[in-house]
Amino acid sequence: MIYLRHYTKSKENFLIEENKQDSMEFGCKVAEEATLLGWHESHAKNLIWFAYRKSEKVIRIVAMDNHQNRTTHIDLEDDFLDSEVSFVSLPDEHRIIVSLTAGQDGSQDYCLEFLKDKLRITHKFPKNLTYIFSINEEDSLMVDFYTADFYKISNHDFQIKFSQSYSVFENDALSNIWKINDSLGIFCTTEERWYVFNLDTLELVDQLMIEDDIDTTHGDDCGMDTLYQTENELIFRCYKYKNENVEIDWIRVDKIYLKKLIGDSLKDKENQNYQ
């Protein structure tokens with residue numbers, strides 16, 4: 001077990017409010033006779049991607065060049081009829097992953113490329129395999145949320161290199177996954193248990209817990225359910241129901257401190273194996 005003993009706690013998370021404001025500003029830049037489902041700005045801020053629902057079966061993806069204000073679009077068929085849409089950036093900002101998800105009905109991911117003022121599909125992933133993030137220039141992580149299997153894939157041709165499954169999901173399910181740094185990731189289960197894993201091997205490192213808040217990180221009326229990040233910190237959202245109201249605390253953990261804890265945990269395991 002990795003216990004987080006040193007952190008700061010606050011009642012506000014300004015990062016969320018900033019994102020909401022940015023979203024409202026960018027969402028008004030493109031006018032379409034359709035329902036806006038979401039948007040995404042490239043890391044270099046040269047491109048903005050928008051998703052619109054044109055009909056029950058059609059989702060339109062629009063790419064806008066921020067500098068020349070040119071737009072182009074492509075229509076994706078929504079086999080699930082009521083999908084939510086999310087975007088994930090790739091190292092090449094002219095390429096992006098578009099994920100269509102529809103709860104228990106399934107998911108479908110695409111890789112789109114914006115090149116020479118044209119938008120095209122370069123890869124359609126196997127059904128229910130969701131692109132999570134780029135690990136490095138060579139590899140990325142994909143996950144099947146329905147089986148909780150993790151896959152390491154090549155960024156060049158999107159072929160699967162190897163996969164990993166975890167015994168922690170025998171009586172639990174996968175909720176969400178984040179990248180901590182170039183070597184470590186963290187995931188949360190639907191029972192709100194948190195685990196660190198190695199991005200190179202996809203092997204599990206250990207379970208993570210806030211030591212001073214053990215009674216508030218798991219239970220029917222309390223828990224730790226999501227994570228935000230800055231360059232230097234992980235920010236966990238902890239909630240607790242009290243008198244029919246919910247109280248929110250934001251737990252801020254320094255990344256350098258967490259990396260040291262994980263390193264100590266790995267050393268302890270190595271020493272136990274030698275004994």
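**Pockets and sheets of a predicted model**

Strand β7 is the main contributor to the lining of the largest pocket, giving 6 residues. The structure described here is a predicted model, and this pocket is a convenient place to start a tour of it. Its volume is about 1,800 Å³. In total, 39 residues line the largest pocket, and those closest to its centre are Ser86, Phe87, Val88, Ile132 and Trp178. Besides β7 (84–89), the elements that give two or more residues to this lining are α1 (14–27), β3 (35–41), β8 (95–101), β11, β15 (174–179) and β19 (222–229). By class, the lining of the largest pocket comprises 17 nonpolar, 17 polar and 5 charged residues.

The second largest pocket has a volume of about 160 Å³. Its lining is made up of Met1, Ile2, Tyr3, Arg5, Asp206, Leu261, Asp264, Ser265, Asp268, Lys269 and Gln272. Two or more of these lining residues come from each of β1 (2–4) and α2 (255–274). Helix α2 gives the most to the lining of the second largest pocket, with 6 residues. Sorted by class, the lining of this second pocket has 4 nonpolar, 2 polar and 5 charged residues.

A step back to the whole chain helps to place these elements. The chain contains 2 helices and 21 strands. Of its 275 residues, 47% are buried. Among contacts in the chain with a separation of 6 or more, 38% are between residues 24 or more positions apart.

Helix α2 also leads to one of the sheets. This helix lies across β19, β20 and β21, and runs at about 75 degrees to β21. These three strands belong, together with β2, to an open sheet of 4 strands in the order β2-β21-β20-β19, with antiparallel pairing. At the edges of this sheet stand β2 (8–10) and β19, each with a single partner strand, so one side of each has no neighbour in the sheet. On average, neighbouring strands here are turned by 25 degrees against each other, direction ignored. Within the sheet, strand β20 (residues 233–242) and strand β21 (residues 245–254) run antiparallel and are joined by 10 bridges. Tyr241 stands opposite Val246 in β21. The edge strand β19 is also one of the elements that give two or more residues to the lining of the largest pocket.

Another open sheet of 4 strands has the order β11-β12-β13-β14, again with antiparallel pairing. Its edge strands are β11 (130–134) and β14 (160–164), each of which pairs on one side only. From one strand to the next, the twist of this sheet averages 25 degrees. Inside the sheet, strand β12 (residues 139–144) pairs with strand β13 (residues 149–154) in the antiparallel sense over 6 bridges. Val143 stands opposite Phe150 in β13. Like β19, the edge strand β11 is among the elements that give two or more residues to the lining of the largest pocket.

One residue of β3 rounds off the picture. Leu36 lies in strand β3, an element that also gives two or more residues to the lining of the largest pocket. The relative accessible area of Leu36 is 38%, so this residue counts as partly exposed. Leu36 and Ile59 are 23 residues apart in sequence, and their C-alpha atoms are 9.8 Å apart in space.

How values were computed
Residues numbered from 1 in each chain as written. Predicted model: local features only at pLDDT ≥ 70, side-chain atom pairs only at ≥ 80, totals over all residues. Heavy atoms only, no water. Pairing = 2+ DSSP bridges. Axes fitted to C-alpha atoms, helices over the stretch in contact; angles between N-to-C directions. 1 Å grid on protein atoms, 1.4 Å probe; cavity = no way out; pocket = protein on both sides within 12 Å on 5 of 7 lines; lining within 4 Å. Points joined across faces, edges and corners; volume = space filled by probe spheres on them. Nonpolar A, V, L, I, M, F, W, Y, C, P; charged D, E, K, R; others polar. Buried < 20%, exposed > 50% of the residue type's maximum accessible area, 1.4 Å probe, protein only. Contact = heavy atoms within 4.5 Å.
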